[in-house]
Amino acid sequence: MIRLNHITLTFPDGESRIAAVDDVSLTAHPGTVTGITGPSGSGKSSLLAVAATLIRPDSGQVLIDDIDATMLNAGDATELRRDRIGIVFQQSNLIPSLTAREQLTVMNELGARHSRRNRAQAAARAGVLLDAVGLKDQGDKRPHQLSGGQRQRVNIARALMNDPSVLLIDEPTSALDQERGASIIELILRLTDELDTSTLLVTHDLVHLPRVHGVVHLVDGRFVEALATA
Ligand SMILES: Nc1ncnc2c1ncn2[C@@H]1O[C@H](COP(=O)(O)OP(=O)(O)OP(=O)(O)O)[C@@H](O)[C@H]1O
């Protein structure tokens, strides 16, 4: 579960400061997708970065499975992020020289304490996840051999490698046509249900929102509406 309590985040703006996120609270439960929407500059990506524990807010709490991430030191926050949070960034940041399968298994080598012992397990999980995102037969392809939609599927599978309880996804359909975008949203809904993640999905594309479980609408960093949908 992820709970954001009264999050405020400001950035310097000349002499004063601008509130990118202004006193926003939300709770996302396991097995649900919460959409975060709003116009450009409304604070969606900033809120997601706070939820990901990548930026510390000026005030407010980020509770991940009841652990207050804002109270952790940098090392503990990194560990929390690695163990419990999967992040899909707006820009695909796959490594050009690695195959789809290696993009996933390399996660096991990054900072984990017992990576050698877990190598076989990681390979097995990568296989299961590639299958789950519809890329069972594409595991040996490198990013340039995959379509935009397939690359986004690899990104999503990679974010799930460490079996996170929280899945954070920023504009996953922005580089895709409507049909491919809709199938990515479909995939996110299915994986959220199957893997019981608490998923936050930033999107400015309102066509996808009727499918999700709740919507937080931001304007100028402020929460203007919470809609229960699906
Ligand atoms: N690193 C930063 N330094 C200063 N101001 C920032 C920074 N990041 C974001 N902002 C400001 O905070 C506000 C919210 O930006 P944010 O990127 O979170 O909005 P967004 O809703 O994700 O926009 P978009 O849909 O265009 O990606 C904007 O006014 C932006 O200019």
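A crossing of two helices is right-handed if the near helix is turned clockwise from the far one by less than a right angle. Keep that in mind as we walk through this predicted model, starting with a pair of helices that fits the description: α5 passes α6 in a right-handed crossing. Four residues of α5 make the contact, Gly-149, Gln-152, Arg-153 and Ile-156, and they meet Arg-180, Ile-184, Leu-187 and Ile-188 of α6. Sorted by class, the residues of this contact comprise four nonpolar, two polar and two charged.

How are the two helices oriented? The axes of α5, residues 148-159, and α6, residues 178-195, come within 10 Å and cross at roughly 20°. Angles under 35 degrees count as roughly parallel, and α5 and α6 are therefore roughly parallel to each other.

Let's move on to the ligand. Its surroundings include a run you can follow easily in the sequence: Gly-41, Ser-42, Gly-43, Lys-44, Ser-45 and Ser-46. Gly-38 and Ser-40 also belong to the shell, as do Phe-11, Ile-18, Ala-20 and His-204. Two elements, β2 (16-28) and α1 (44-51), each give two or more residues to this shell. Of these, α1 supplies three residues, the largest share. By class, the shell has three nonpolar, eight polar and one charged residues.

Since α1 contributes so directly to the ligand shell, it is worth a look of its own. How enclosed is this helix? Seven of the eight residues of α1 are buried, so the helix is largely enclosed by the rest of the structure. The buried residues are Lys-44, Ser-46, Leu-47, Leu-48, Ala-49, Val-50 and Ala-51. Lys-44 and Ser-46 thus appear both here and around the ligand.

Just past this helix there is a backbone detail to check on your own plot. α1 is followed by Thr-53, which has a positive phi near 65° despite being a residue other than glycine. You will find Thr-53 in the loop between α1 and β4 (59-64). Is Thr-53 buried or exposed? A residue is buried if 20 or more other C-beta atoms lie within 10 Å of its own; Thr-53 has 23, so Thr-53 is buried.

A second residue invites a side-by-side look. Asp-65 is not a glycine either, yet its phi is positive, about 50°. Asp-65 sits in the loop between β4 and β5 (67-68). With 14 C-beta neighbours inside 10 Å, Asp-65 counts as partly exposed, whereas Thr-53 is buried.

Methods:
Residues are numbered from 1 along each chain as its sequence is written. This is a predicted model: local features need pLDDT of at least 70, side-chain atom pairs count only at pLDDT 80 or more; totals for chains, interfaces and linings use all residues. Axes are lines fitted to C-alpha atoms, for helices over the stretch in contact, and angles run from 0 to 180 degrees between N-to-C directions. Angles under 35 degrees count as roughly parallel, over 145 as roughly antiparallel, 65 to 115 as roughly perpendicular and the rest as oblique. Two residues are in contact if their C-beta atoms, placed from the backbone, lie within 7 Å. Ala, Val, Leu, Ile, Met, Phe, Trp, Tyr, Cys and Pro count as nonpolar, Asp, Glu, Lys and Arg as charged, and the others, Gly among them, as polar. A residue is near a molecule or strand if its C-beta atom, placed from the backbone, lies within 6 Å of it. A residue is buried if 20 or more other C-beta atoms lie within 10 Å of its own, exposed if 12 or fewer, and partly exposed in between; C-beta atoms are placed from the backbone.
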